[in-house]
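Hi,

Here is the structure I promised to send over. Have a look at it first, then read my notes underneath.

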Amino acid sequence: MKKYVAAIDQGTTSTRCILFDKQGNIVSMAQKEHEQIFPKPGWVEHNPDEIWKNTLEVMELARQARSIQIDDIAAAGITNQRETTVVWNRKNGKPYYNAIVWQDIRTSELVKYHQEKEIDNWYRTTTGLPLATYFSALKLRWLLDNIPNLRRDAEKGTALFGNMDTYLIWQLTGGPKGGLHITDVTNASRTQLMNIVRVQWDPEVLERLEIPAAMLPRIKPSSQVYGTIAAEPLKNVPLAGDLGDQQAALVGQACLEPGEAKNTYGTGCFMLMNTGTKIVPSKFGLLTTTAYQFENEPVHYALEGSVAIAGALIQWLRDNLGLIRLSSEIEALANSVEDNGGVYFVPAFSGLYAPYWKSHARGLMAGLTRYVNKGHIARAALEATAFQTYEVLNAMEKDAGIKLASLRVDGGMVVNEMLMQFQSDILNVPVIRPKMIETTALGAAYAAGLAVGFWTGFEDVKRNWGIDKTWQPQMQEFKRKELYMYWHKAVERSFDWEE
């Protein structure tokens, strides 16, 4: 009898392989970071070869750590950093260029050009997404315009495109020797090339952006046996799940009913609300996206609010300013002061995402006086994540017409007790941390396990979810309004910093 399901979690800063048991507990885990490449201001890249090598390594290490046999693994699922764009050669598997990361803003001029030509918000209506540097389509267009011979190879079908899920699935299932060129509905919805209603690549989008259809993967459900893994560390294990990281966290948090929402605090911050089989167009700056599709089931949709910089701001304070030695030290530093000292930190390093979508905004600190010390700056950095989440939740409640009773949270930052209490205070709702905070990998495991019958249905998923801690709001209303007033003032100062 099979005992485990494997999840490959290919994130923005690292790749992990986690093995889960039937109760959704972690049995074994291995992780390896990859290099963040910054060729120019605003440009962010990853080396796909390095990520593929790391993927093979963590799969092997996760098994070896607990002496787990391949025959004990029922299936494997994959989850990934979305929108990060890679193109590679079908014949030899070599990337034409580094992967362009979701945070990258080199396509700002392309965004402006297409916005000027757009009528009646056509891209948002067709794809659920506004024109922005965030999504894959214009990154792909940049590659086609700037990499020698890529367009020629793309039109012949020799050059393949995908987000990181597509690239790794192709490598895992054989690469040049018959690898599957596929993606799932959630990742496809983040390319800005998929028609959100028909759940197919949209011919008019491809024509407008001059992207050859021959290079696109086939779109599949998020939970289905796609094939078997050819790579040695998990050889012959069924590959049966594929979800973009935030949709995977939605599944891992058991938000499977309309109106249920979660917020993931990672490199960025991402709130998703399940809207069921109903497409809810956003009037308040959110994204309409797919949530998941299980085999033989209709597509489920979600509203999403995306914040570009959350945990990445703490990394920046550590690596660029040397304010802390370890990311975990930020909480103690923030707790060394009673409040933010009047400081507000707007981390618009890649522009502002939801609900503003201001690609020309840039980061700033406002309210500085001689009184301010590094503790106030640390506190302001943490509070920035909570303020951004508040703005997303506000927009979500207006779009969905639903008042959230509580917020389920996950991701690396939720171990920060100060941040979670401030988040509850600013939102004025309870914030709930589950027992299992690795919900992104767990969601990918659920997708794969459900496809092969390891879990029999959604009731198993719901049964596995449990509460670790709940924070209740403690802040007075006048204080909440005052803090947000100053935050919003600072945000407006960041607009159009770049000409």
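Below are some notes on the cavities and on one sheet.

This is a predicted model, where local features need pLDDT of at least 70, side-chain atom pairs count only at pLDDT 80 or more, and totals for chains, interfaces and linings use all residues. Numbering starts from 1 along each chain as its sequence is written, and side-chain values use heavy atoms, with hydrogens and water left out.

Cavities first. Searching the whole structure turns up 2 cavities of 30 Å³ or more. A cavity here is a set of points on a 1 Å grid over the protein atoms alone where a 1.4 Å probe fits but cannot get out, and lining residues have an atom within 4 Å of a point. Volume is the space filled by probe spheres set on the points, which are joined across faces, edges and corners.

The largest one comes to about 80 Å³. Its lining includes V111, Q115, Y353 and W357. The second largest is about 60 Å³, and among its lining residues are V307, Y353, E391 and W487.

Now the sheet: 7 strands make an open, mixed sheet, ordered β17-β18-β16-β15-β21-β22-β23. Strands are DSSP runs (E, at least two residues), as are helices (H or I, at least four), numbered from the N terminus; two strands pair if DSSP finds at least two bridges between them. At the edges sit β17 (287-292) and β23 (467-471), each pairing on one side only. Strands β16 (residues 269-276) and β18 (residues 300-307) run antiparallel, joined by 7 bridges, with F270 opposite S306 in β18.

Cheers

Definitions and conventions
On a 1 Å grid over the protein atoms alone, a cavity is a set of points where a 1.4 Å probe fits but cannot get out, and a pocket is an open set with protein on both sides within 12 Å along at least five of seven lines; lining residues have an atom within 4 Å of a point.
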